[in-house]
Amino acid sequence: MEQFSQDSILVLDFGAQYSQLIARRVRETHVYSQIVPYTISAEDVKEMNPKGIIFSGGPASVSTDGSPRPDAGIFDLGIPILGICYGLQVITVMNSGYVERPDKREYGIAHLDILRQTPLLEGINSKSQVWMSHGDSVSIPMAGGVCTASTENCEFTVVESEERGLFGVQFHPEVVHTVEGFRLIQNFVVNICKAEQSWSMESFIDTKVEEIRDIVKDKTVLCGLSGGVDSSVVAALLHKAIGDQLICVFVNNGLLRKGEADLVLSVFKDTFHIRLQYADVEEQFLSALKGVSDPETKRKIVGRIFIDVFEQEARKARDATFLAQGTLYPDVIESVSPTGGPSATIKSHHNVGGLPEDLKFTLLEPLRELFKDEVRELGKELGLPDEVVYRHPFPGPGLSVRCIGEITKERLETLRDVDEIFIDEIRKAGLYGEIWQALACLLPVKSVGVQGDERTYEEVCSLRAVVSEDAMTADWYRFPPDVLQRASARICNEVSGVNRVLYDITSKPPGTIEWE
Ligand code: XMP
């Protein structure tokens with residue numbers, strides 16, 4: 001177990017949907033935080049030497065046989081512990097208290113009735129709104145525990161044993177619906193754990209650079225560069241850590257946005273001077289996609305050829321033993337089994353899986369703990385240009401899933417021009433940062449139009465822009481009409497072969513963000 005070089009808070013994950021949010025809220029207090037499975041041993045915790053521990057919530061009920069329990073030795077380490085929801089219940093039952101299941105589950109908003117001002121509740125208002133989601137409730141608090149706040153339906157909402165350093169809240173302080181939740185987490189971290197608030201992206205870089213050097217030693221790392229934010233930040237971070245021991249592979253599959261290949265080459269080759277293997281393989285992709293319209297087939301072909309090309313490039317970089325990937329926290333799907341900790345599965349499109357047996361790499365995923373906006377902050381700190389850092393997400397199969405119907409070089413060219421104008425108008429209107437993702441599709445339909453005195457019969461494109469937190473759900477973006485009007489007029493005037501522009505007003509669900 002690695003020992004933290006600075007004050008930190010350890011989050012024990014009991015399978016909560018919100019563990020990552022807890023860790024993130026702690027980092028927002030400028031204290032480093034890391035998530036570990038709840039199965040971690042007391043010795044390992046001791047060695048990591050955190051200033052405080054948070055037990056996350058979780059889907060289980062403490063009264064069920066085999067429900068997750070931490071190593072009891074953790075309670076004897078003298079490190080303050082805050083339990084959240086299931087975390088509170090676990091602390092309770094493992095410290096002579098009781099938990100019962102009332103008739104009704106409590107789900108939604110409640111208001112705190114603060115009974116006593118304590119360092120944990122400092123500055124939090126009575127009647128402050130909190131977010132509840134629980135079946136079980138504490139009926140007898142842990143030994144030495146005092147109830148310091150209640151809600152209408154839940155007596156033991158906040159329980160504290162200052163003497164033993166055990167604290168618990170029944171609500172979820174990490175979610176935004178708990179209005180003063182951040183304050184509570186900060187109170188725990190600062191007032192109770194006395195952690196020094198010295199963590200920043202800069203210190204994250206220093207820590208990661210050390211960590212990477214330690215792991216990689218004198219070996220070489222291969223990194224697939226897509227031009228997207230995540231892989232760009234991984235490359236920049238690795239380059240800072242190991243310089244020329246990093247080899248990046250950039251595959252131009254002919255399905256990129258306008259100017260994208262040039263941007264990647266200029267940033268990473270000309271500015272950062274990273275060793276870059278550039279595979280310009282447009283023809284290979286386009287000939288494999290010829291005549292294909294089915295979305296899944298397109299995806300499979302793009303994935304397969306990508307692996308082939310990547311394999312060839314990897315063989316050129318023969319001495320590479322590590323493969324770096326820009327996996328972020330939301331890409332890591334967590335599941336907790338009674339015997340093991342959270343197991344990670346990587347979204348297939350992020351993973352250069354499927355490489356042949358003899359090309360065995362050790363995976364390096366330095367961004368695993370971070371959220372997208374933290375990765376952006378890191379990218380800025382590493383000196384990447386805004387154009388890369390704030391770029392909207394772009395799917396692995398690229399324009400192949402936006403060129404609806406058959407893919408030809410000409411149709412891709414048309415789509416690139418449409419996309420560029422749309423994005424340009426969004427930027428000019430100052431709206432790019434407000435939008436999660438904006439995209440254009442070329443539809444496999446022709447429509448009749450009139451230009452000058454001439455009847456036209458040309459292609460139709462659709463524009464789509466969405467707002468979203470995490471791409472799981474999304475709402476269509478309400479543009480001021482004049483922005484759409486300018487984009488539409490320019491597309492019809494400047495892009496030959498397009499005479500009609502549609503705006504997509506479908507949310508997700510029921511639609512997806514991409515069309516295919
Ligand atoms: P959907 O279309 O499923 O997309 O609502 C959600 C988000 O994921 C992106 N996306 C992909 N990203 N490879 C990727 O790297 C893919 O195959 C892929 N498909 C969708 C999409 O652009 C959106 O941000």
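Pro509 sits in the segment after strand S21, which spans 498-503. Pro510 is in the segment after S21 as well. In this predicted model, two cis peptide bonds fall here. One runs from Lys508 to Pro509, with omega near -15°. The other joins Pro509 and Pro510, with omega about 10°. Most peptide bonds are trans.

**Ligand site**

Lys508 also belongs to the ligand shell. That shell holds 13 residues, and the closest are Arg299, Gln437, Lys508, Ile513 and Glu514. Sorted by class, six are nonpolar, four are polar and three are charged. Three side chains place a polar atom by a ligand oxygen, as tabulated here.

| Side chain | Partner | Distance |
|---|---|---|
| Gln437, polar atom | ligand oxygen | 2.7 Å |
| Lys508, polar atom | ligand oxygen | 2.6 Å |
| Glu514, N or O atom | ligand oxygen | 2.6 Å |

On its own, the ligand has 500 Å² of accessible area, and the protein covers 82% of that.

**Domains**

The domain assignment splits the chain into domain 1 (8-192), domain 2 (201-389) and domain 3 (402-503). Between domain 1 and domain 3, the C-alpha centres are 48 Å apart.

**Cysteines**

How many disulfides does the model contain? The count is zero. A disulfide is a covalent bond between the sulfur atoms of two cysteines. The cut-off applied to a sulfur pair is 2.5 Å. For Cys85, the closest cysteine sulfur is that of Cys154, at 9.3 Å, so the pair is too far apart for a bond. Cys403 gives a similar result: its closest cysteine sulfur, in Cys441, is 9.1 Å away, too far for a bond.

Are Cys85 and Cys403 buried or exposed? Cys85 has 5% relative accessibility, so it counts as buried. Cys403 is buried too, because its relative accessible area is 0%.

Cys147 is part of strand S10, residues 146-151. Its relative accessibility is 16%, so Cys147 also counts as buried. Cys147 and Phe171 are separated by 24 residues in sequence, and their C-alpha atoms are 14 Å apart in space.

**Positive phi**

Most residues other than glycine have a negative phi. Which phi does Cys85 adopt? The value is near 55°, positive in a residue other than glycine. Cys85 occupies the loop between strand S4 (81-84) and helix H3 (86-93).

Lys217 is another case. Its phi is positive, about 50°, although Lys217 is not a glycine. This residue lies in the loop between helix H5 (201-216) and strand S13 (220-225). Lys217 is exposed, because its relative accessible area is 59%, over the 50% cut-off.

**Helix H6**

Helix H6 covers residues 229-242 and includes His239. His239 has a relative accessible area of 18%, so it is buried; the threshold is under 20%. What does the side chain of His239 reach? It reaches the backbone oxygen of Phe272, at 3.1 Å.

Val229 is in helix H6 too. At 6% relative accessibility, Val229 counts as buried. Val229 and Phe394 are 165 residues apart along the chain, yet 9.6 Å separates their C-alpha atoms.

How values were computed
Residues numbered from 1 in each chain as written. Predicted model: local features only at pLDDT ≥ 70, side-chain atom pairs only at ≥ 80, totals over all residues. Heavy atoms only, no water. Domains from an automatic or database assignment. Near = heavy atom within 4 Å. Polar contact = N/O pair within 3.5 Å; in protein donor to acceptor, adjacent residues only side chain to side chain. Areas by Shrake-Rupley, 256 points an atom, 1.4 Å probe, with all protein chains shown as cover. Nonpolar A, V, L, I, M, F, W, Y, C, P; charged D, E, K, R; others polar. Buried < 20%, exposed > 50% of the residue type's maximum accessible area, 1.4 Å probe, protein only. Helix = DSSP H or I, 4+ residues; strand = E, 2+ residues; numbered from the N terminus.
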